[in-house]
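Subject: Structure for you to look at, with notes

Dear colleague,

Please find the sequence and the structure below, as promised. My notes follow directly after them, and I would be glad if you read them with the structure open beside you.

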Amino acid sequence: MKPVRRLTALFGFFSAGAVLLVFVIAAFSIRGALDQNQTTQTNLRLAQVDRSRLLRLQIDEETGVRGFVDTQITNFLEPYRAGLIAFDPTARSLATRLQRLGLDDAGVREESTINRQWLQSVAQPLIRLAAVDGIPLQVRGKTLVDQFRAVDTRLLLQLNLAADQTEAATSRFVTEMLIGALIVGLILALLLGWLSSSQQRLANEIELQRLAYLEEKRVADALQEAFLLKQLPDIAQAEFHAVYVPAGGEARVGGDWYDAFEVADGRILFSIGDVAGHGIEAAVIMSRVRQAMLTIGVDEPDPSIVLARANEILLMQDATIVTAICGVIDLAQGVIRLANAGHPPAIVRFADAELEKFGATGPPLGAMDNPKYGVSSVLVSPGSMFALFTDGLIEYGRDWDMGQQLVEQALTSLSPDAADPAAALMERVLQGAAPLDDVAVLTISFRETSQDGEHAQASEAARARPIVGRTFRALLASAPPLTAG
Amino acid sequence: MSDDRFQIAAFTGEIDFTGRDAFRGGLEPLADVDVPIVDLSAVTYMDSSAMAEILYLQRGRARNGLTAMWIVVSPPVRRLFEVAGLQHVLALAGTVDEAKAQL
């Protein structure tokens, strides 16, 4: 949830920033366009000033000459002379302004030409031939002056048109910028809205998934709790301990189990196993296999037959693969028999801290039809401890040999007085870390002494020959199974 | 990967329950071919759920009357099969050539 909210906030922040940026850019562009318009209009006005001044100079020259011709008073020539001096600079100024404005300066050049023609062919002859009849010259002068005024009118219109066009272009640009900014802002706002709503949908989906996960976890926890054996056998000859740790971080019902039941004739039936896979399906298979093994084991003292029949039942249901150890403690005979269907080895720690492993005596359950399971046997040895566990304990480091070694080291160094050897073994191997897979551990510790008369007799025999006990196991292990499944 | 006679499915890296579906998908083409080889020689780690997929395939083939398949194993995978007591049940080989020579 939190990352999604952060993402939404981030989108919001950037979208708002983008909208702001677009409007700032638009504002600056409009401001620039208005400034540019102001400058152009000013230059156009200055060009108008130059244009009207040029016209006035031409008029001054013309009226000065006409006054002089009429009166022969040289004072009348003052405006003419002043015009002569100022005309060309003014014309150049106007031409430069027009060029800077990007306008055609042909009109100015034309006016200069007309002015020159008028000076050369009208004004100067009239001044020089003051007493002569100047009517024809004056007629020509009038024609040139009319031409000059026509060109001036053209220039006036040209400048007015340029001013209008600049104004219109600026107005169009400002309008376009405003509309563009509004459209971009609208698009970004819509995008932000869409993103927000999709983020919200995503957040809702994640929330639903989280709730489903919590519900699944609740069911998984309840199932696991229901499947865990509540009561281990309470007998004088041995102490049973078990511990179960689910895989860290995921709501998965594991397919691991352990069982130990006192059945009949002083026999204790125990098992440990692991169903391949996880989830409700694995849990159901686990429950069926356990029940099958218990039902068969109540009457059947040979663990290899228990496994073989459980295999048949599993194959009938076309179910998954299961690894398991099934063992029978025969307290009357002081013997433990066990068969191992592809499960990590059971390990016995004898009183002198030596270890013996009881590996697979056949393939996992459900793998094939009619498998043969061998039986390993060991005499009940006071002070010894059986440790059975699921592969989560040795797969912890993803290295079977290393995992096995860790378990063996932990078992060797385990104190015989440990209050809960199963928990102690788990703790020593995992060292507080959450396992990658579920882990179940079952330990059976055979007591050194007992007040129970019957057991005292059995354990007396075992105590007397603990070494023989191991030899006996080794012999039986290499012999054919007691009964084939 | 295949040549004239063999159908080979090869896998690499680590295979655990998180990649179980992909592994199953990779094995599927071998379900009904005559001479299948599962090449796990480049697999560095395999858990029991992946092992179960191999056993399902083997089980299905056996039920359909098809021959056993050869499995080419890396040392860690061989160790897994040995722990599970499968070394005498499955046909294991060290290399693809070794498996082909047996077929």
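In the hairpin formed by S2(A) and S3(A), where four residues lie between the strands, Asp265(A) takes a positive phi near 55°. Strands and helices are DSSP runs numbered from the N terminus, with E over at least two residues for a strand and H or I over at least four for a helix. The two strands of this hairpin, S2(A) and strand S3 (residues 267-275) of chain A, pair in the antiparallel sense over seven bridges, where pairing requires that DSSP finds at least two bridges between two strands. Within that pairing, Trp257(A) has Gly273(A) of S3(A) as its bridge partner. Strand S2 (residues 256-262) of chain A is mostly covered, since five of its seven residues are buried; a residue is called buried if 20 or more other C-beta atoms, placed from the backbone, lie within 10 Å of its own, exposed if 12 or fewer do, and partly exposed in between.

Before going further, please keep in mind that this is a predicted model, in which local features need pLDDT of at least 70 and side-chain atom pairs count only at pLDDT 80 or more, whereas totals for chains, interfaces and linings use all residues. Residues are numbered from 1 along each chain as its sequence is written, and chains are lettered from A and ligands numbered from 1 in the order in which they are written.

As to confidence, the predictor gives the complex an ipTM of 0.90 and a pTM of 0.61. Chain B has a mean pLDDT of 89, with 96% of its residues at 70 or more, pLDDT being the predictor's confidence in each residue on a scale from 0 to 100. Among the elements of chain B, the lowest mean pLDDT, 87, belongs to helix H4 (residues 96-102) of chain B and the highest, 95, to S3(B).

To return to chain A, it contains ten helices and ten strands, and 37% of its 485 residues count as buried. Five of the strands form an open sheet with antiparallel pairing, in the order S1-S10-S9-S6-S7 (chain A). Strand S1 (238-245) and strand S7 (355-358) of chain A are at the edges with a single partner strand each, so one side of each has no neighbour in the sheet. On average, neighbouring strands of this sheet are turned by 15° against each other, direction ignored. Inside the sheet, strand S9 (residues 385-389) and strand S10 (residues 439-446) of chain A are joined by five bridges in the antiparallel sense, and Phe386(A) has Ile444(A) in S10(A) as its bridge partner.

Two helices lie across strands of this sheet. H7(A) crosses strand S6 (346-349), S7 and S9 of chain A at about 25° to S6(A), while helix H8 (residues 421-430) of chain A lies across S1, S9 and S10 of chain A at about 135° to S10(A). For these angles, axes are lines fitted to C-alpha atoms, for helices over the stretch in contact, and the angles run from 0 to 180 degrees between N-to-C directions.

A further antiparallel pair in chain A consists of strand S5 (residues 335-341) and S8(A), joined by four bridges, with Leu338(A) opposite Ser376(A) in S8(A). Strand S8 (residues 376-379) of chain A is covered on both faces, with Ser376(A) and Val378(A) buried on one side and Ser377(A) and Leu379(A) buried on the other.

Chain B has four helices and four strands, which follow the pattern β-α-β-α-β-α-β-α along the sequence, and buried residues make up 39% of its 103 residues. In H3(B), the residues Val77(B), Leu80(B), Phe81(B) and Val83(B) are buried. They lie on the same side of H3(B), because they cover an arc of only 165° around the axis, the arc being that of the directions from the helix axis to the C-beta atoms. The buried residues of H3(B) pack against helix H7 (400-413) of chain A together with strand S2 (36-46), H2, strand S3 (70-73) and strand S4 (91-93) of chain B. Just after H3(B), Gly85(B) has a positive phi of about 65°.

Finally, where do the two chains meet? In total, 16 residues of chain B are in contact with 22 residues of chain A, two residues being in contact if their C-beta atoms, placed from the backbone, lie within 7 Å. Helix H2 (48-63) and helix H3 (75-83) of chain B each supply at least two residues of the side of chain B that touches chain A, and H2(B) gives the most, with six residues.

With best wishes
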